[in-house]
Amino acid sequence: MKEAAIEVLLSSMLLVCCTTYKAAALTVSPSRSQFFIRDSVSLSCEENNSSAGWTVWRNTTRGTRTQCGDGWGKLAGSTCNISYLYTLDSGVYWCWSSREGAASSSIQLTVTGGSVILQSPVLPVMEGDDVTLSCLTWTTPSNLPAAFYKDGSLIRTEPKGHMTLHHVTSSDEGLYRCNIRGHGESPSSWISVEGQQLLSLPQPSLRDKN
């Protein structure tokens, strides 16, 4: 009976740890981490389908830590709209709630004055998923041959400018960039890979407590 009670307690703790808690998430639209100057972007804070009380903050390359509406961006609820990006908008962005006293995970956004960007996932990808990277140019079609690099080493050249990493693992984590001959090279972006989440144990029935 004592062992059954301990098992119930541990199961309840696991459920609280792994299923009920969910921090706010910062979403980016369009969903990428690199942008050209003059692009626009929307950043939204969401928590359990509710965005009340969350604000977008950033720390730019100039070392200024400010919230949306304080000299940059236009605030609409918990969404921050930036209609015209500059290179000085590059930096780390996150959501903060003074009501909850908590922050979301941060993301790195890069704004380049160059002519090539790498379109890659903003948020960490799950282990086992397929991830497609695209090498994009400012003025020409996005299907030009492109060379893709990881941690400074050439992976391969793709004739259509798109490369898919199949069934990613932790070994796929790293800094990625791409190059289109005659147009230039993109900045580098970090791709993170997360392990599959543990499945929570089922709730024990009242009969199990006896």
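1. Among the contacts in the protein chain that join residues at least 6 apart in sequence, 59% are between residues at least 24 apart. The model from which this figure comes is a predicted one, and the chain in it contains one helix and 20 strands.

2. As to burial and surface, 36% of the 210 residues of the protein chain count as buried. The chain exposes about 12200 Å², and of that area carbon and sulfur atoms supply 52%.

3. Strand β17, which spans residues 174–180, deserves a point of its own. Five of its seven residues are buried, so that the strand is mostly covered. Its pairing with strand β14 (residues 146–150) is antiparallel and rests on four bridges, and within the β14 and β17 pair Tyr149 stands opposite Arg177 of β17.

4. β17 also pairs with strand β19 (residues 189–191), again in the antiparallel sense, over three bridges; here Gly174 is placed opposite Ile191 of β19. With strand β18 (residues 184–185) β17 forms an antiparallel pair over two bridges, in which Gly184 of β18 is the bridge partner of Ile180.

5. The connection between β17 and β18 is a hairpin with three residues between the two strands. In this turn Gly182 has a positive phi of about 90°, a detail that can be checked directly against the backbone in the model.

6. Where does Ser120 lie in the chain? Ser120 is placed in the loop between β11 (116–119) and β12 (125–126). Ser120 counts as buried because its relative accessible area is 4%, whereas the cut-off for burial is under 20%.

7. Which residues are in contact with Ser120, once its neighbours within four places in sequence are left aside? They are Ser31, Arg32, Ser33, Leu133, Ser189 and Ile191. Two of these names lead back to the strands discussed above, since strand β19 covers residues 189–191 and Ile191 is the residue of β19 that Gly174 stands opposite.

8. A last point concerns the second largest pocket, which holds about 210 Å³ of space. Its lining is made up of 16 residues, and those that lie nearest the centre of the pocket are Arg58, Gly71, Trp72, Gly73 and Asp89. By residue class, the lining of this pocket divides into five nonpolar, six polar and five charged residues.

Methods. Residues numbered from 1 in each chain as written. Predicted model: local features only at pLDDT ≥ 70, side-chain atom pairs only at ≥ 80, totals over all residues. Heavy atoms only, no water. Buried < 20%, exposed > 50% of the residue type's maximum accessible area, 1.4 Å probe, protein only. Contact = heavy atoms within 4.5 Å. Pairing = 2+ DSSP bridges. Areas by Shrake-Rupley, 256 points an atom, 1.4 Å probe, with all protein chains shown as cover. 1 Å grid on protein atoms, 1.4 Å probe; cavity = no way out; pocket = protein on both sides within 12 Å on 5 of 7 lines; lining within 4 Å. Points joined across faces, edges and corners; volume = space filled by probe spheres on them. Nonpolar A, V, L, I, M, F, W, Y, C, P; charged D, E, K, R; others polar.
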